[in-house]
Amino acid sequence: MLPRQALLTASLRLRLLQAAVVGLALSASPLTAEARVQADQVCSVSCDTLDPSKAQEETFPVPEKVINGRHVVLHVSDKDTMAWASIDGGVTNDAVWLDRSWDGGATWDGLLGKAWIPSGWTGTRTLMYNLADPARHRRGLVRACGDAAGVDCTAWVHTSVCAAACDGSDGPSGDNQPVPSTTLSNRTISLHIDNRGMAWGTISNGTAGDEIWLDRSWNEGASWPDGSSLGRTSVGSGATSTSTRLYATTDPLSKLYGGAVRACGRAVEGQNGSCTAWARPASDRTGAAAETLMYSYQPNTAWWPSSWWNSAVAVTTLMDYQQRTRRTDLRWIVNEVFEKNKGVFPAGQKSGDSLEGNFISRAIDDTEWWGIAWVEAYDLTGDQRYLNMAVTIANYVQGYWDTGTCGGGVWWDRERTYKNAVTNGLYIRLTAALHNRIAGDSLWLQRATAGWNWFRASGMINSAGLVNDGLTGSCTNNGQTVWTYNQGLAVGGALELWRATGDGSLLVEARQLGDAAMSSSVLSPGGILSESCDAAGNCDDNQKQFKGVFMRYLMDLADSTGDASYRTYAQRQADSIWQNDRDSLNRLGQRWAGGGSTARDWRTQASALSGLLAATSKS
C-alpha cells in the first residue's frame, strides 16, 4: 500500500479537517452540495458526515484514480459501513467528493462532502458517508471523484453482495423452493434457495432464447432498484432449460437483513414475462425468523420502533437465538443497543415515559425487562458491564419492594398504584439470576427468596394453577386475565431460584405451572398456545409479545428437566407457527393456530421466534 494511504495521524487528520472546512467555504453558491445532502442525511450505525478520525478501520478496496498527477482515493471502513474520499498531490482549488448510488450505479447523489484544497496545501478529504441506509432498506454504492483540471472517479465499491457466498457464485448447498413455480407458455419458472440462503432461478420446458433472472428487493418487494435482472441468462441453442448463478438474500456488511427474491422469466416469442412470488429463505426456521426480525431493527437508534419494553424483549430473544445456535454475526447489536439506549430520553422519544438513564423509568416492569436483557447479554458475552447494569437496575427496582401493603411485593409503577404478576415475576427472575452470577452473594438470594415466598402466598396463582394479572386494593386475586407471559415468568422465576438454592420443591412448582398452561383450555385451546385476545384479533402492541415470554421459560423448563413432554409441546407450537401463521416472507403472526386475520409485525415476529427456539435442543 502506498505510504500516502497509510492511516492518518491524529495531527494530520485535524489539519485535513480544517482544510475541508476551508474548502467548503470557497464555494460561490450559498447552498453548497454539502448543505443539500444534509437535508437527506443517512444514518446507519452512525450518521453521514462522521469525521474519519473516528473510523474503526481504513481500507482501500478499489484502485485509486490518478487525474493529471493527483491521486483520488476511496477509503472504506466496513466496520462502520462508511466511506470517505481524499485527494493529494494537488493544487489550490482541486476538489474531491463522493458519489452515492441507490440503484446499482445507474444514477447517483453527487458531490457528497465536496472539499477543495485550500491555498498552501496539496491535499484534503471529505467527511464519512454511509454505504447503506438500513432504516429505509436501501443498499448503496459509493465512489470517490475528483476535479483536478479534469473530472474522474474511482470504481464503485462493494458492487456484489457477499453473505454465505458472493453474488455470482455457483455450487448450491441444498435446494429448497419456498414458493410455487410460475408458468409462461408452458415454461416453468422456479425460485430456488439453498440451505445457506443463496438464491437462483431456473426456467425449464423452454426453447433457445428464453430468459431467466432474479430480482432482489431490500424492502419486501416494494421496489428493487439495485437488484433487477440479476444473473440474467438465456437458454442456449438446442437446450430447453437454464439457470442463473447464486445470489445472496442478506447483506450483513450493509446491515441489511431479510432481503427478498423472486425468479422471473421471459419467453423468446413476444415480450411475455412472468415472476414467482417474493420469498425469503425458509429451510432454517429459527434463522429465517431471526433474519426477518432483524429487518425491522434500526441500527441508528439501536431498537425496534416504537416500543421500549418490547425492544428489550426483542434483543433478549435474539440473544437467546445466538446462544441456542452459536451464531456470532449478530453479536454487534448487543453493544449497540446497550450504548445507544442507556442514556436519558424525554417522554415520547422512546417511551411514553421519560427515561432517566440506565434504562430506568417510572414503569418498574419496563425497567426490569431491560435488567433481564443485560443478564442475558452477560451470559452471551461475559462482559462485566452488562451484569453491572443489571445490578444497577435491580437496585432501583428494590426501592419499590414494600411490605407495608399486602405484606410485600414490588409495585408496578412509581406511583405505587398496583401490585401485579408481571412486575414480581420479573423481580424474582432478576434477583435470583444476579445471585447465580455474583460470587459470594447472599443479599440477592435473600431478596429472590422473599419475592418467591410472597408471590406464591399472594393468591395470584389461582386454583387451576394459572396466574391472574394482579391483586385488588384489599390484597386478593383480582381475577383479571390470565396472560401467557405472567405464567411464563412464574415458571422462569421458580427455575432460577431452584438453580440458586437446589430446593427441589421449586422445580416441582415450576413444572406444575408449566403443566397447568399446557393443559389449560384457556391458554392452550386445541394444544396451541393462545392469548385471550387472539380470537378477536384485537391484541395490542404489548399483548403481541406475551406468548414468546412464556415459550422462553418453557424452553428453560425443558432444558432443566429433560422431560420430553415440554419439548413435544414446544415442537407443536413451532410446527403450527410455521405451517399456519407464516407468509412467503417468513413474517410470523399473532394467531399461531392459524385461521382468521392475524397481526404481523416485529413484536409478533419476536414472540414467534421464541416459540421456534423452544423446539430446538440446547447446544
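**Exercise 1. Establish the strand order and the edges of the open four-stranded sheet.**

Solution. The open sheet of 4 strands runs in the order E5-E4-E10-E11, with antiparallel pairing. Its edge strands are E5 (109-116) and E11 (151-153), each of which pairs on one side only. Neighbouring strands of this sheet are turned by 25° against each other on average, direction ignored. Such angles run from 0 to 180 degrees between N-to-C directions, with axes fitted as lines to C-alpha atoms. Strands are DSSP runs (E, at least two residues) and helices likewise (H or I, at least four), numbered from the N terminus. Two strands count as paired if DSSP finds at least two bridges between them. Strand E10 (residues 141-147) meets E11 in the antiparallel sense over 3 bridges, and Asp147 stands opposite Val151 in E11.

The model is predicted: local features need pLDDT of at least 70, side-chain atom pairs count only at pLDDT 80 or more, and totals for chains, interfaces and linings use all residues. Residues are numbered from 1 along each chain as its sequence is written, and side-chain values use heavy atoms, with hydrogens and water left out.

**Exercise 2. Describe the surroundings of strand E19 (residues 260-266).**

Solution. Begin with burial, defined as under 20% relative accessible area (exposed is over 50%, partly exposed in between; 1.4 Å probe, protein chains only). In E19, 7 of its 7 residues are buried. Next, consider the direction of the residues. In a regular strand the side chains alternate between the two faces of the sheet. Ala260, Arg262, Cys264 and Arg266 point one way from E19, while Val261, Ala263 and Gly265 point the other way.

Then trace the partners. Strand E15 (residues 211-217) pairs with E19 in the antiparallel sense over 7 bridges; there, Glu211 has Arg266 as its bridge partner. Strand E20 (residues 273-275) runs antiparallel to E19 and is joined to E19 by 3 bridges. Arg266 again takes part, with Gly273 in E20 as its bridge partner. The hairpin of E19 and E20 has 6 residues between the strands, and Gly270 takes a positive phi near 75° there.

**Exercise 3. Determine which elements line the largest cavity, and what classes of residue they supply.**

Solution. A cavity is a set of points on a 1 Å grid, over the protein atoms alone, where a 1.4 Å probe fits but cannot get out; lining residues have an atom within 4 Å of a point. A volume is the space filled by probe spheres set on the points, which are joined across faces, edges and corners. The structure holds 4 cavities of 30 Å³ or more, and the largest has a volume of about 90 Å³.

Its lining includes Val313, Trp369, Arg552 and Ser610. Helices H4 (308-325), H6 (364-381) and H12 (546-561) each supply at least two residues of this lining. The largest share, 4 residues, comes from H12. By class, there are 5 nonpolar, 4 polar and 1 charged residues. Here Ala, Val, Leu, Ile, Met, Phe, Trp, Tyr, Cys and Pro count as nonpolar, Asp, Glu, Lys and Arg as charged, and the others, Gly among them, as polar.

**Exercise 4. Relate the second largest cavity to the domains.**

Solution. An automatic or database assignment sets the domain bounds: domain 1 (52-153), domain 2 (182-275) and domain 3 (285-363 + 374-381 + 434-615). The second largest cavity, of about 70 Å³, draws at least three lining residues from each of domain 2 and domain 3. Among the lining residues are Lys255, Tyr257, Tyr295 and Trp332. The lining divides into 8 nonpolar, 1 polar and 1 charged.

Notes. On a 1 Å grid over the protein atoms alone, a cavity is a set of points where a 1.4 Å probe fits but cannot get out, and a pocket is an open set with protein on both sides within 12 Å along at least five of seven lines; lining residues have an atom within 4 Å of a point.
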